[in-house]
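Reader: Hey, can you walk me through this one? I'm new to reading structures, so plain words please.

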Amino acid sequence: MTSFDRINSSSIDTQKEINFIFNGQKYRGFQGDTLASALIANGVKLIARSFKYHRPRGIISCGSQEPNGLVELIHKDFREPNTKATTIELYEGLEAKSQNSWPSLKYDFMSLNDKFSKFIGAGFYYKTFMWPASFWEKIYEPLIRKAAGLGKLSYNKNERVSEKGFLHCDLLVIGSGPSGLVSAYLAGLSGAKVILVEEDFIFGGNLNNETSDDSKTVAHKYLRSILKDIMKMPNVRCMRRTCVIGMFDHGIFGALEKLNQSKIDQIFWKIKSKKALLCTGALERFIPFQNNDRPGIMLSASIRTYLNRWGINNFQDVLLFTNNNDAYLTASNLISSGVNVVGVVDTRDNPKIFDSRIKVFQGSQVINTRGKLELKGVDIQNKEGKISFLKCDILGVTGGWNPNIQISCHTGVKPVWDKKISAFIPGKNNVSTHLKAVGSANGKFTLSECISSAEKAVLEILNDLNFKLEKYEIPSISPENIDIDPFWYVQFGSERKWVDLQNDVTVKDIEIAYKENFRSVEHLKRYTTLGMGTDQGKTSNVTGLAILASLSKKSIPEVGTTVFRPPYVPVSLDTLVGHAHGKNFKPTRLTPSHNWAQENGASFTESGLWLRAEWYAKKNERNWRTTVDREVNAVRNSVGFCDVSTLGKIDIQGKDALSFINKIYCNGFAKLPVGKVRYGLMLREDGLVMDDGTTARMSENHFIMTTTTVNAESVYRHLEFCHQCLWPELDVQLISTTDAWAQIAIAGPNSRKIISKIIDPEYDVSNEKFPFMACADITICKGVRARLFRISFSGELAYELSVPTQYAYSLISYLMEIGVEENITPYGTEALGVMRIEKGHAAGPELNGTTSALNLNMDKMVSLKKDSIGMVLSKREGLHKIDAIKLVGLKPVKTDNQIVSGSHIFNLQDKIKPENDLGYVTSSCYSPTMKSYIALAFLKNGSERYGDKVKISNPLLKKETYAEVCNPVFVDPTGDKLRD
Amino acid sequence: MIKNFLKPNLYRSEVLMVNDKLKLTLDNSRNIFSLNENKDETNKFNRIFKKFFGFSVPEIAKFKLNDNSIALWSRTKSYIILTDSNLDDLTSTFDGLASITDQTGGWLSFKISGKGSIHLFEKLITINLENFNEGNVIRTSIGKINCFVFCKKKGETYYIICPVSFSNAMRSRLIQLIELS
Amino acid sequence: MIIDHPLLGHRDISEFIYLGDASLLNRPKWDAEDAEHSFYEYLYLRKNVAGVHKELWFHQQGDRSWLVISRNTLTHEIIKVDLVGNHSKNMEILND
Amino acid sequence: MRYNWLKLLKEGFNNNSGWEKTWKNPELKKEYDVIIIGGGGHGLATAFYLAKEFNIKNIAVLEKNWIGGGNVGRNTTIIRSNYLLNENEAFYEFSLKLWESLEKQINYNAMVSQRGVLNVYHSDTQRDSFIRRGNSMIINGADAELYDVNKIKSLYPFLDFDNARFPIKGGLFQKRGGTVRHDAVAWGYAHAADQLGVDIIQNCEVNNFKFKSGTCIGVETNKGFIKANKVGCAVAGSTSLLMSKANMNLPIESHVLQAFVSESLKPIIPGVITFGAGHFYISQSDKGGLVFGGDIDGYNSYAQRGGIETLEDVCEGGLALMPIISKARLLRMWGGVMDMSMDGSPIIDKTHINGLYMNAGWCYGGFKATPASGWCFAHLLAKGYSHELSKNYRLDRFKNGYMIDEKGQGAQPNLH
């Protein structure tokens with residue numbers, strides 16, 4: 001039988017033939033097929049192997065509830081594991097293969113497990129593999145891990161990109177079956193903004209699965225016509241191939257849209273909806289009986305779907321097993337299209353027969369099946385207990401229906417049990433969103449109920465949203481009757497009866513779990529792995545619950561409910577990332593000097609989001625150290641410059657700016673005169689150091705605060721908090737101007753020479769007129785506005801010059817021109833770091849959020865006479881321990897011994913034990929100025945230990961050296977250079 | 001006007017990218033300032049503002065413009081001004097009424113026009129574009145970059161103003177997305 | 001989540017940064033007798049209610065305003081959003 | 001019953017009909033020497049060690065729902081002892097040692113799997129703090145190695161070395177770190193405690209304490225009043241709610257931490273890997289699922305679920321670290337409610353009320369701490385004073401300024 005014999009169907013285009021490959025073999029299907037339908041049409045029944053016992057498995061369903069039909073989809077440059085054949089839209093050249101089987105699908109080595117199933121039932125591993133302990137990682141676990149797992153991951157080289165987006169609407173309709181269509185149509189008529197999403201690649205849901213027999217013709221006509229109208233409505237956005245994966249807080253839904261003809265592969269939408277309707281229909285239940293997992297055993301309504309939607313009738317002898325009327329519809333449809341229906345095995349004693357052509361085995365059950373790789377036949381047992389064999393190659397099973405309620409549980413609302421249909425329906429009072437379920441998703445299974453419940457719900461919603469609905473028409477539809485008689489599983493027999501096909505959870509497993517006191521639903525799930533597979537228990541959870549209920553002689557709602565969590569269907573992680581991967585993981589921030597630095601051979605380093613010049617290597621230089629030493633020497637001996645624009649710059653203005661700043665810093669600012677800069681120490685309210693920097697008073701009410709690069713954002717937020725939340729009465733304006741100004745540090749004995757060459761004549765930068773810690777608004781190069789601060793991070797005579805960002809490039813080039821005779825040298829962050837260590841300035845490693853002013857030897861700075869953030873709690877006992885660690889300098893006993901940052905410090909005679917731990921090295925470098933390695937460290941009682949020798953222990957790198965404790969300021973401790 | 005011999009990088013107006021649906025232009029001819037009203041000066045500030053710019057203070061989340069200037073509401077009593085006037089004009093005018101901060105060169109503005117713009121912004125920002133009308137401005141983030149977005153003509157012309165340090169990142173993001181649409 | 005900003009309407013949570021319990025608005029007097037103890041309670045001790053919680057959020061990516069949001073910590077439902085104001089207004093927000 | 005090969009074989013042949021309850025459902029007594037409130041990992045471990053190490057016999061564990069339903073059943077199963085501060089490192093190393101001998105002690109296979117924990121770093125500053133941390137580990141008797149980028153390339157070739165926004169420069173590795181089957185920890189402790197006569201009472205919710213002249217003499221439950229000499233609370237996530245019944249405001253906020261698991265895949269990820277330039281950590285379960293997580297959602301919450309923003313942030317971190325997982329599919333996400341303390345470190349201490357003790361503030365370090373937490377809490381309950389290793393986890397440390405702040409974030413729980 002080939003895929004070419006199909007009875008006619010509107011959902012496939014038999015003119016458009018599609019070639020595809022499955023497990024290396026070529027097949028043909030049609031436009032409109034899924035991989036599953038095409039395989040079934042080609043008579044392929046064996047598709048996969050199960051997770052634990054590697055049992056042969058075939059397709060049982062026709063949607064995302066499929067537990068068996070998982071394949072690996074093979075693309076040019078990557079593979080998609082665990083893909084459900086039932087959801088793959090067939091395309092030309094599609095290639096797929098089975099997973100979890102070796103050497104082949106037919107002969108799978110691991111199916112040995114099946115033989116030992118007795119010994120590896122639920123939770124067996126918790127009770128063994130314990131002896132000897134060392135064997136777990138070495139032997140048992142590797143074996144288990146090798147056996148476990150389904151598909152394989154591959155490097156993803158997908159050229160087609162993922163994007164993300166955000167949509168808003170009044171009403172989100174999830175699902176385009178009968179209820180969804182009516183909902184979207186009526187809401188659309190009212191003018192409301194509607195989004196209609198459909199997981200499938202065609203709209204219509206169940207409409208595509210049924211024949212329009214007399215009872216349904218009217219309804220189907222109507223539904224097809226409104227579908228056409230909806231498509232034309234400008235206020236209705238129809239999105240197919242779009243699956244809502246979850247409902248989140250405040251009416252936000254996550255939805256994944258697949259695009260097949262676009263450079264964009266998929267878009268992950270967040271949809272903010274005022275109201276939402278769940279029109280996701282219902283999922284057919286399976287019935288556990290002995291060996292109910294053979295290829296050829298399917299869900300009854302899915303068979304009907306393959307017949308009606310995909311025109312597949314290549315079944316030989318079909319038997320159906322049911323506890324409700326739906327199976328008879330499947331039977332009739334099959335018979336009408338020429339398939340031999342062996343009969344319907346009905347658990348009910350006297351079911352109403354609709355179709356005289358159907359042979360009925362009433363009050364009977366299927367108790368076992370035969371056939372290895374494919375179904376050959378079944379044993380049934382009638383009321384009297386008489387067992388007989390029936391030959392068949394397809395067995396359709398239906399245990400009734402579960403409303404597809406998963407999404408309604410995502411915000412933590414538990415479903416409720418509906419006795420009438422013996423199934424769970426969505427819980428009410430869904431506080432955090434306004435989701436309503438209608439139609440089958442709400443347990444209203446018949447077409448007439450679907451349409452009427454949708455109408456009712458939409459009218460309520462439109463009323464709430466104040467949309468008026470003009471007149472509309474809905475035809476009256478004759479009600480049907482499903483008449484279900486709860487039947488959960490076949491008692492007969494001791495062989496395995498599968499509840500969860502993918503994870504190989506059987507009735508027996510549930511019995512064992514119960515026996516061992518795993519009686520809460522959650523215990524059951526976790527112990528047996530029931531419903532933990534990629535199908536998320538869509539076909540198994542409720543059945544498992546029912547079995548647990550019958551074991552504990554309780555009603556199902558008494559036993560508990562199963563709460564579903566997002567996502568509704570598994571989604572690949574790249575969907576949730578969109579554009580933000582690789583280099584785009586985080587945006588890159590460039591400094592004003594970036595282009596110049598690039599042209600001048602800088603190498604760059606990440607510093608937060610920034611890229612900063614690390615150093616400017618010259619051709620002949622041996623290594624980075626040579627370069628950095630040169631840069632440092634240049635500054636110490638003549639002059640160099642460095643882009644420090646990444647420091648946070650906050651413009652503080654207003655009448656009360658000064659008193660505000662005085663509350664922010666713990667040291668006094670009240671007396672800061674115009675034209676002066678001051679170092680400020682910022683504490684958190686808990687009294688520990690938050691950040692440090694300088695603040696300059698440019699004019700009466702205008703201040704410029706600088707923060708460290710890392711804390712720029714958090715300090716700004718902190719200031720806004722202090723202003724808006726603590727002291728709103730103050731007249732202060734805060735503006736972050738980090739991007740507007742390029743700030744260039746010009747440092748070294750010759751820096752004043754350089755400044756004099758560019759500053760406009762009317763300004764005087766002599767030491768007298770512009771002393772250490774002076775600042776001013778100036779102009780340079782004939783009128784370029786600029787700001788000059790005489791501050792120094794390096795300890796040399798130094799300035800920081802700010803110009804509007806767009807002048808940075810040109811200014812730097814100009815500095816290089818005029819600085820030739822001083823051999824002006826650009827330096828990077830590394831040299832900057834070396835010089836600040838030489839000068840004993842605290843930076844990131846010292847301001848690590850756990851250090852107090854005392855630790856930094858700055859406790860005298862904290863003014864107790866004023867209100868400032870952190871002052872009060874900085875007085876706590878713990879922040880004034882007698883043996884508190886203090887910032888110190890370290891000189892290695894042998895100058896060429898490196899002192900590695902992160903090493904811990906011990907007294908010479910002490911053992912390396914926690915109780916002897918005296919502190920740690922925070923920053924270290926080679927100091928070309930001291931001609932030695934040096935370091936900064938926190939050391940207990942540090943300030944009293946200058947001159948002492950200590951042990952610098954680094955067991956991690958198996959290093960130990962000795963160093964002498966000293967003043968952290970290595971260069972110019974008296975600060976003369978700064979002032980001359 | 002400055003007649004110095006340092007050359008600012010001028011990002012005037014250049015077209016960065018065009019296709020049948022969208023056009024991306026860099027549009028930077030003006031000085032940029034933030035203007036922050038001082039405490040308890042509202043009435044006087046509003047009066048002077050109207051006199052100086054020729055339009056009244058923009059309401060919350062709105063912007064005003066004429067041939068010389070655009071004024072964006074950025075936060076309560078705070079505005080971003082793109083204008084031909086220079087710092088001295090502003091300081092002299094608003095002396096004591098407002099704090100002025102020169103941001104020229106600190107921000108870069110991208111113009112996005114074309115019928116594809118709605119579908120572009122769906123993928124860039126989270127607000128409801130249905131209600132984002134001509135004359136509206138928001139401060140938000142695009143791909144983790146803080147920026148202003150304003151609507152000159154609904155569904156047609158929008159502007160993104162972004163910090164200069166992020167402008168390369170923003171630029172490549174916009175170009176990439178336009179290429180896809 | 002979506003926060004209904006008093007001035008700007010519905011804005012996505014990604015634009016905001018959370019600080020914590022709104023009682024942080026009520027900073028003790030620095031020069032009071034028991035300042036150290038009251039600052040300890042102010043900074044460290046929390047009611048941590050299960051139910052409607054008043055909390056401080058900052059509109060980092062937006063208008064840089066600090067908001068007091070009344071949010072149910074059991075359902076994440078937001079009941080009320082206020083801009084912080086002068087001290088007396090803030091105390092009203094805290095106490096209402 | 002003791003579990004072993006033979007038992008398994010025997011049961012296999014007799015159709016698995018002879019298995020007994022893993023823990024019994026005993027009758028609730030009127031009085032106990034010690035009542036532990038909270039049948040999570042910490043509560044059950046405490047009961048077990050009380051009975052085993054401090055031989056107190058008359059013990060009850062009261063669980064308001066089903067045991068192991070709290071954070072022990074909702075985490076990313078990681079165990080490690082790679083802390084920076086001595087106060088923490090010593091404690092967590094003790095915990096790791098207890099993990100190593102756990103299964104023998106409880107006769108239950110919790111699948112303690114020491115396949116190593118790798119923290120990668122991306123900058124020199126990060127390297128330096130990792131070196132400091134690695135040294136703390138070794139000084140406290142733990143194991144640690146510093147890997148350079150080449151070593152990492154050879155061991156974890158699937159990480160992003162070519163196109164990373166923040167290039168990997170190296171990593172800190174702890175070989176003895178790894179994962180444990182989280183549910184099995186609760187079940188195993190329950191099983192072992194039950195064998196020692198501890199009463200494990202499920203569906204028993206404590207509504208209030210009963211005090212008599214400043215002493216706690218028992219608890220009011222939905223099953224009535226139960227008398228006790230000592231009451232220990234181990235209800236992380238709900239600590240504030242419970243302790244408020246003793247009029248306590250705590251230095252704790254409740255926050256949601258989400259965890260995520262992918263579809264089952266063939267083994268690819270050895271041990272645990274954490275990202276240094278974003279919020280992401282990952283391991284692979286024995287069943288093949290990628291188990292991963294990131295930062296807490298960041299706002300107070302008692303809902304056992306989080307927002308989609310965190311999921312996106314976590315996935316961004318994941319793909320930035322290892323693009324190979326792009327096509328792995330997210331299967332489930334869930335949230336647990338954390339006791340986030342004001343310095344990121346736990347509290348194991350007495351309260352101002354005699355006979356009332358608390359074990360709380362675990363932030364998201366709780367799971368790996370389970371054995372040591374149980375042991376030290378049992379010590380405190382049995383002897384009335386703190387175990388040497390938990391003596392710094394005092395409730396009054398905030399008042400006196402002795403915070404134990406690994407991250408240096410200060411009094412902001414959502415940043416720890």
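Author: Here is a chat about a few parts of this structure.

Author: Keep in mind that this is a predicted model, where local features need pLDDT of at least 70 and side-chain atom pairs count only at pLDDT 80 or more, while totals for chains, interfaces and linings use all residues. Residues are numbered from 1 along each chain as its sequence is written, chains are lettered from A and ligands numbered from 1 in the order in which they are written, and side-chain values use heavy atoms, with hydrogens and water left out.

Reader: Got it. How many helices and strands are in chain C?

Author: Chain C has 2 helices and 6 strands. Helices (H or I, at least four residues) and strands (E, at least two) are DSSP runs, numbered from the N terminus. Starting at that end, the order in chain C is β-β-β-α-β-β-β-α.

Reader: And what does chain C span along its principal axes?

Author: The C-alpha trace of chain C spans about 45 × 30 × 25 Å. Chain C has 96 residues, and 64% of them count as buried. Buried means under 20% relative accessible area, exposed over 50%, and partly exposed in between (1.4 Å probe, protein chains only).

Reader: What about contacts in chain C between residues 24 or more positions apart?

Author: They make up 49% of the chain C contacts with a separation of 6 or more. Contact means heavy atoms within 4.5 Å.

Reader: Switching to chain A. How many residues of strand β39 are buried?

Author: In β39 of chain A, residues 741-747, 7 of 7 are buried. Trp741(A), Gln743(A), Ala745(A) and Ala747(A) point one way, Ala742(A), Ile744(A) and Ile746(A) the other.

Reader: Why two directions?

Author: In a regular strand the side chains alternate between the two faces of the sheet.

Reader: OK, so which strands pair with β39(A)?

Author: Strand β33 of chain A (residues 640-643) pairs with β39(A) in the antiparallel sense over 4 bridges, and there Phe641(A) sits opposite Ile746(A). Strand β42 of chain A (residues 798-804) also pairs antiparallel with β39(A), over 7 bridges, with Ala747(A) opposite Ala798(A). Two strands pair if DSSP finds at least two bridges between them.

Reader: How about strand β15 in chain D, what covers its faces or leaves them open?

Author: Both faces of β15(D) are covered, with Gly289(D), Val291(D) and Gly293(D) on one side and Leu290(D) and Phe292(D) on the other, all buried. Strand β12 of chain D (residues 252-264) runs antiparallel to β15(D), joined by 4 bridges, and Val261(D) stands opposite Val291(D). Strand β14 of chain D (residues 281-284) is an antiparallel partner of β15(D) too, over 4 bridges, and Tyr281(D) has Gly293(D) as its bridge partner.

Reader: What's between β14(D) and β15(D)?

Author: The two form a hairpin with 4 residues between them, and Gly288(D) in the turn has a positive phi of about 105 degrees.

Reader: New topic: how many cavities are there?

Author: There are 11 cavities of 30 Å³ or more, and the largest has a volume of about 130 Å³. Its lining has 14 residues, and those closest to the centre are Asn402(A), Pro403(A), Ile405(A), Val542(A) and Phe564(A). On a 1 Å grid over the protein atoms alone, a cavity is a set of points where a 1.4 Å probe fits but cannot get out, and lining residues have an atom within 4 Å of a point. Grid points are joined across faces, edges and corners, and a volume is the space filled by probe spheres set on the points.

Reader: Which elements supply the lining of that largest cavity?

Author: β23 (401-403) and α11 (541-551) of chain A each give at least two residues to it.

Reader: Is Thr543(A) in α11 buried or exposed?

Author: Thr543(A), in helix α11 of chain A, is buried, with a relative accessible area of 2%. Leaving aside neighbours within four places in sequence, Thr543(A) is in contact with Arg285(A), Phe286(A), Pro288(A), Trp488(A) and Val499(A).

Reader: Last one: how many residues make the contact of chain D with chain A?

Author: The contact takes 115 residues from chain D and 117 residues from chain A.

Conventions
1 Å grid on protein atoms, 1.4 Å probe; cavity = no way out; pocket = protein on both sides within 12 Å on 5 of 7 lines; lining within 4 Å.
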